[in-house]
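Hi,

Here is the structure I promised to pass on. Have a look at it first, and then read my notes below.

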Amino acid sequence: MFCPYCDSERSEERAEGATQALTICPNCGGEVPVEEHTSATQCPSCDSYLIFNQRVEGKYAPEIMIPFKLGKETCKKSIREKFRKCIFAPVDFLSEVRLNSMQGVYVPFWFYDYDTDCCYEGEGTRVKTWRSGNMEYTETSYYAIRRDMDIDFQKIPVDASEQMPDDVMNLMEPFQYSQLEGFTPKYISGFYAEKYNMDSKAVENRARAKMDEDAGKMLRDSVSGYSSVKTLRQDIHIKNSRARYGLLPIWKYVYTYNNKEYPFYVNGQTGKIVGTAPVSAKRVWMYAGTLWACLAAILIMAPLLVSWL
Amino acid sequence: MSDELKRESRKQYIKYFRIWFIAVGLLAIALLAAGIMRSMKGSIPRTNSEAPAERVYDYGDMLTDEEEEKLRSYISQKEGELGIDLVLVTMKQAVEGADAKEQYGYRSTGWTQNMQDIADDFWDENRYGYNKGFEGDGALLLDNRYPGQRGEHLSTSGRVEYSFSARDVERVLNAVDRYYDSDPYKAYKAYIDTVCDLMGGFRLPSWYWLAALAASAIAAVIFGVSHLHQEKARDTTAVNAYVSGGKPVLRSKEDQFIRKSTVTRRIETSSGGGGGGRSGGGGHHYSSSGASHGGGSHRH
């Protein structure tokens, strides 16, 4: 099978019933280490990609997905561009060899729909000040504020992978939902993939927190024209809700430096990068020391030159 | 680290600092050239041959012979560099009061006027001035140590007179005052140094070098810290990113007036303060021989 995103030509072999830690590659017969939740992986011996049927079917069948829109080369270029100015990063941090280890992963996500009825009550003040003679007058008017809103939240994403850090997955957002498609197994060929390892109830609190935060902001944003506003009551009532399972594309690059791993994630659709570059103490001293020496030389030589001319 | 990585690291380092290295290199070359030119350059030719060679007149006996010699040598070096005469006169002589006026034939009984006259006349009568014997370039410091009438007067002439503001005269006198009681030799050397500094002999204060090193260190620390700071990523998700249609449906909106309160405050007014004083400026005057002079005095 030809993968249009990574330009590789791989076989899409399906290994039935692979649930152990090791499975046999149907292409070369080599052993393939398989994590508990892996649904697609690559044989380390022959580089064939394997998809585990039972982890993409039945209750694990994703309903929706966004296929990879950015290839590895584009992501490598983005990473280089973003960290180009990180002069304290180790020299091989952006090397071709290291960046080639970047992996495309389909991460399992739950998408939550909430049809809500939101109510806000607060007290607002408007302050007016004027002077008359040697007296200053400050008039404060108080208002009772009330807002009622219907907010229809759709597809609030929350990752369903224990391996992926929640804060990083939140920062990966937003994804462009206009490119959402129904799940097609051929898209995960050529990439790593996981089935969900936390069910929709286990992670729903994160979706609720996002929804509460956004609804609260929208309610408060609807109040304007006051000098100050005090919230008295904010109520978000969910009328209907629904959860859908899907896959989102993420490139992962892990750089190891001084026995510590520095993971970088790139949104496989939008190219947004999350991660911080490692710091080489040697380079910090070298660069800061050189700057100090150059500046000191200029500050010492320049006035001497002026006095000698 | 492999050789290739080392090479790459070196390449990145040189590329990053190339502008700095070029600037430091050019400055070093310019400094070297200026140093060579300076060592080859002779002193400014003297065009006044009427004045005596002596520059230090220690009538007040404030200096040892050795100190006098050191000052003469120092003045000789500085005069050549700047093209100005630098004269020092010390004395112990009454310059104030009717008795002094009668005894020495001063035109005034005032200390300041008489110190000025003595200094100006000494300069004019000896035909000092690096370039000419009348209104030539240079300065003279007159130090009078007569008990109860101690103080110094700076007389300037020619280029020095017109270059010096009242503030510059004060700077010279203040420099002298710093050592006036503790070390006369240092006080007279301070007079020469300060006049030379103000006339273009560029001298940096001794603390400058330490300050330059410290400022560079602070800049290097700021550079390091600013480059160490990194942000994982920004939260770029809009508040309405997951809202159907991009915005909520506002069903009702109420803003109901409840009450009003007013606070009054008396505005305090304060009367304005007066302006500050003004220090007197410098100026020019004519000596008894008709030559123009500038300068000023400090009495102790």
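Let me start with helix α1 of chain A, residues 72–83. This is a predicted model, and the helix makes a handy check on its geometry. At 1.5 Å a residue, its 12 residues should span 16 Å, and the end C-alpha atoms are indeed 16 Å apart, so expectation and model agree.

Which residues of α1(A) are buried? They are A:Lys72, A:Cys75 and A:Ile79. Looking down the axis of α1(A), you find these buried residues within an arc of 60 degrees, so they line one face of the helix. The general rule behind this is that an α-helix has 3.6 residues a turn, so residues three or four places apart point the same way. On the face of α1(A) turned away from the buried side sit the exposed residues A:Glu73 and A:Glu81. As for what the buried residues pack against, the partners in chain A are α2 (96–99), β7 (103–132), β11 (228–257), β12 (260–267) and β13 (273–274).

Stepping back to chain A as a whole, it has 5 helices and 13 strands. Of its 309 residues, 34% count as buried. If you take the contacts in chain A between residues at least 6 apart in sequence, 72% of them join residues at least 24 apart.

Now for where the two chains meet. On the chain B side, 64 residues are in contact with 63 residues of chain A. The elements of chain B that give two or more residues to this side are α1 (3–40), α8 (207–228) and β5 (249–266). Which of them gives the largest share? That is β5(B), with 18 residues. By type, the residues on the side of chain B that touches chain A divide into 35 nonpolar, 17 polar and 12 charged.

It's worth zooming in on β5(B) here. Strand β8 of chain A (residues 135–159) is joined to β5(B) by 16 bridges, and the two strands run antiparallel. If you want a spot to centre your view on, try A:Ile145, which stands opposite B:Asp255 in β5(B).

Chain B also has an open sheet of 6 strands, in the order β1-β2-β3-β4-β7-β6, with mixed pairing. At its edges stand β1 (56–58) and β6 of chain B, each with a single partner strand, so one side of each is left without a neighbour in the sheet. The partner of β1(B) is β2(B) (residues 85–91), and they pair in the parallel sense over 3 bridges. Within that pair, B:Val56 stands opposite B:Leu88.

Finally, a word on confidence. The model scores ipTM 0.81 and pTM 0.66. Chain A averages a pLDDT of 88, and 93% of the residues score at least 70. Residues 1–20 of chain A are a stretch where the pLDDT is below 50, and beyond near neighbours in sequence, this stretch has 44 contacts in the model. Chain B averages a pLDDT of 87, again with 93% of the residues at 70 or above. In chain B, confidence is lowest in strand β6 (residues 285–286), at a mean of 85, and highest in strand β3 (residues 138–144), at 95. Over residues 272–281 of chain B the pLDDT drops below 50, and that stretch has 2 contacts in the model beyond near neighbours in sequence.

Cheers

Notes:
Residues numbered from 1 in each chain as written. Chains lettered and ligands numbered in written order. Predicted model: local features only at pLDDT ≥ 70, side-chain atom pairs only at ≥ 80, totals over all residues. Helix = DSSP H or I, 4+ residues; strand = E, 2+ residues; numbered from the N terminus. Expected span 1.5 Å × (residues − 1). Buried ≥ 20, exposed ≤ 12 C-beta atoms within 10 Å, placed from the backbone. Arc of directions from axis to C-beta. Contact = placed C-beta atoms within 7 Å. pLDDT = per-residue confidence, 0-100. Nonpolar A, V, L, I, M, F, W, Y, C, P; charged D, E, K, R; others polar. Pairing = 2+ DSSP bridges.
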